[in-house]
Amino acid sequence: MNAFLSDTRHLLIRHLRTTIRIPIWIAVTIIQPVIWLTLYGQLFRRVVEIPGFGAASYIQFLTPGVVIMTALFGSAWAGMGILEDLTDGVMDRMLATPVSRAALITARVLHASVTVTAQSIIILLFGMALGARIPGGLPGFAAILLMGALLGAGFSALSNGLALVTRREETLIAVINFFGLPLTFMSTAFMAADLMPGWIRRIAGANPVNWAVDASRQAMLGGNWSEVVKTCLMLLGFALVSVWISTQAFRAYRRSS
Amino acid sequence: MIAKAREITFTIMDAIVDAIVIENLSKTYANGVKAVDGVTLKIKQGEIFGLLGPNGAGKSTTVRMLTTLTAPSGGGAQVAGCDIARDPSGVRARIGYVAQASGVDKWATGRENLALQARLMRVPSAEVESRVTRLLQWVRLEEAAQRIVKTYSGGMKRRLDLAMGLVNDPGVLFLDEPTTGLDPETRAALWSDLIRLRKERNLTVLITTHYLDEADRLCDRLAIIDKGKVVVEGTPAELKALIRGDTVSLEVGEEAPRAVDLLRSVAGVLQTLQDGATVIARVEQGATALPVLITALEKSGVAVRSATLGRPSLDDVYMHHTGHRFTGEAAK
């Protein structure tokens, strides 16, 4: 257990160091959410006027949606990092050491959670600057970060698992392009649930992205805490199942090499 | 006194323990390819042992099994006293592994790479700093230590690889094709590093290579491996002594195919081979055979442009045991 924690720590430091050394990543991380918020904020500004939408300001409605959408896309690409390590021989070099096998996956999942949290903070602050308000206060702010981090952990684990099984960038890119936008649009990120067709609403009920968006909106308003806690537990379950899947993929990878 | 005691322990260990014992090791991949087919070898403590063979002979797969990266489909091995199947963690803690693909993190500095490797190798925290500094000096990378590896040259990266493999002070070091793709100068520098290493520590090195000169220069003993099987093993001198006679190379230009046929019927010729514009004949007595061979060719109208006479090389050893020649760049 000691070795697991210490290995995880040192590997996490390695991943974070790599991230901050790629300046384009930092630029995209900051600029992209800003574009989402201003662009979509302007584009869909008048949908709040649709009867039954149920929100007074679209930027208020949109901000948690963009936080969670960024958490999804920020973590879904995590598998690219493990593919780079496979090609460069870094993975083999590490597997020939006594390093904890679980730490190799855990560090990557935590890395996704940390970067997603950093992005979420930027988006929330920018959303507030554009007029979004957080009556839920600091607990609400923290709950949104937690939900983004858990969702990011889950999707980064799935992405790593897929990368280990397929070992091809092309497959990973195709799968993310295929699932990314549907997962976002089959949630209340951009549209109120009451205005969705019934069948989309039913799919959204099984969509972890939608759980996170809905509960983030609740946390922002600070009203329905029991719903927020329940969703946090569901997202934790989603993250744990995903991590389990990726460890199985890692085991299969080691057996087949 | 302590040094003396250690010396005695080493001699006793040397007498009893082989650093690597490989028994009937085999690997058949899921697609049915038999990469390694019953390899049995014993490698002594403190020895530089070479696995020599062309690409695809099964060298890398053998090393991957010995370093616990790939599970064998038959047979077994002990490395540094630990069984690769029963105690893989024990093996991992006691070995260094420098793979064909570099394996360094290009976004980290040389120092960061070494420090992380030291942590993963369970080097005590208090020792990490000093050990990393010492290794950086040893591979002459102190000045580049704070630079990101992406900016390193091929030779610098290879030296860092070597340092990474030594960070846990291993008993056995595996080097998989360490000089492939390096320029001659960098290769020579790496060779002298390896010789220095053996002199300074009682380290066992298992090196795979498809360079004959490398195996000849570096290895105390070597095994020639072909199609997953060990064809022959011994010291480079022993292997060369096994080959009878001398090698005569005759440059004949376009007539080479006809020259091979002509030489085959000359008395005293043991083996013939065409290598481009040159024919190679192995003969009992090089000095006496040379004029005979040239006369035989000239009489049939094949002009000989140059002739060289040599003692058997590892190339000849390889050819003798496998029936085919080293291909491509590996030939020289």
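Begin by selecting Arg167(A), which sits in the loop between α7 (137–166) and α8 (169–185) of chain A. The model on the screen is a predicted one. Arg167(A) has a positive phi of about 55°, although this residue is not a glycine. Such a value deserves attention because most residues other than glycine have a negative phi. With a relative accessible area of 38%, Arg167(A) is partly exposed.

**A second positive phi, in chain B**

Move next to Asn24(B). Where in chain B does Asn24(B) lie? The residue belongs to strand β1, which covers residues 18–28 of chain B. Phi of Asn24(B) is near 55°, again a positive value in a residue other than glycine. The relative accessibility of Asn24(B) is 47%, so the residue counts as partly exposed.

**The aromatic rings of chain A**

Return to chain A and display the side chains of Phe44(A) and Tyr58(A). A pair of aromatic rings is described by the distance of the centres and the angle of the planes. For Phe44(A) and Tyr58(A), the distance is 6.1 Å centre to centre and the angle between the planes is 70°, an edge-to-face arrangement. The pair links distant parts of the chain, 14 residues apart. Phe44(A) is in the loop between α2 (23–43) and α3 (58–76), whereas Tyr58(A) is in helix α3 itself.

Are these two rings buried or exposed? Tyr58(A) is buried, since its relative accessible area is 3% and the cut-off for buried is under 20%. Phe44(A), at 28% relative accessibility, counts as partly exposed.

Now add Trp36(A), Tyr40(A) and Phe61(A) to the selection; together with Phe44(A) and Tyr58(A), they form one aromatic cluster. Over all chains, a search of the whole structure finds 7 aromatic pairs.

**Where chain A meets chain B**

Show both chains and colour them separately. Here 26 residues of chain A are in contact with 28 residues of chain B. The size of an interface is often given as the accessible area lost when the parts come together. Chain A and chain B bury about 2400 Å² between them, and 54% of this area is on carbon and sulfur atoms. On the side of chain A, select Arg21(A), Arg93(A) and Pro98(A): these residues lose the most area to chain B, together 27% of what that side buries.

Then zoom in on Asp88(A) and Lys106(B). Their side chains meet in a salt bridge, with 2.6 Å from N to O. How many salt bridges does the rule find across the interface of chain A and chain B? There are 7 of them. Across this interface there are also 13 residue pairs in polar contact, with both residues at pLDDT 80 or more.

Which helices of chain A should be highlighted here? Helices α1 (2–20), α4 (79–88) and α5 (90–95) each supply at least two residues of the side that touches chain B. Of the elements of chain A, α1(A) gives the most to this side, with 7 residues. The residues of this side divide into 9 nonpolar, 7 polar and 10 charged.

**Chain B as a whole**

Hide chain A and view chain B alone. Chain B has 12 helices and 14 strands. Its C-alpha atoms fill a box of roughly 80 × 50 × 40 Å, taken along the principal axes. Of the 332 residues in chain B, 51% are buried. Among contacts in chain B with a separation of 6 or more, 70% join residues 24 or more positions apart.

**Two threonines of chain B**

Select Thr209(B), which lies in strand β8 (residues 204–209) of chain B. At 2% relative accessibility, Thr209(B) counts as buried. A polar atom of its side chain lies 2.9 Å from the backbone nitrogen of Tyr211(B). Leaving aside neighbours within four places in sequence, Thr209(B) is in contact with several residues, including Leu51(B), Lys59(B) and Glu177(B).

Finish at Thr235(B), in the loop between β10 (229–234) and α9 (236–242) of chain B. Thr235(B) counts as partly exposed, at 22% relative accessibility. Leaving aside neighbours within four places in sequence, Thr235(B) is in contact with Asp220(B) and Arg221(B). A polar atom of the side chain of Thr235(B) lies 3.0 Å from the backbone nitrogen of Glu238(B). For a last view, select Tyr152(B) as well: the C-alpha atoms of Thr235(B) and Tyr152(B), 83 residues apart along the chain, are separated by 36 Å.

Notes: Residues numbered from 1 in each chain as written. Chains lettered and ligands numbered in written order. Heavy atoms only, no water. Contact = heavy atoms within 4.5 Å. Buried area = accessible area lost by both parts, 1.4 Å probe. Salt bridge = Lys/Arg side-chain N within 4 Å of Asp/Glu carboxyl O. Polar contact = N/O pair within 3.5 Å; in protein donor to acceptor, adjacent residues only side chain to side chain. Helix = DSSP H or I, 4+ residues; strand = E, 2+ residues; numbered from the N terminus. Nonpolar A, V, L, I, M, F, W, Y, C, P; charged D, E, K, R; others polar. Phe/Tyr/Trp six-rings, centres within 6.5 Å; stacked < 30°, edge-to-face > 60°. Buried < 20%, exposed > 50% of the residue type's maximum accessible area, 1.4 Å probe, protein only.
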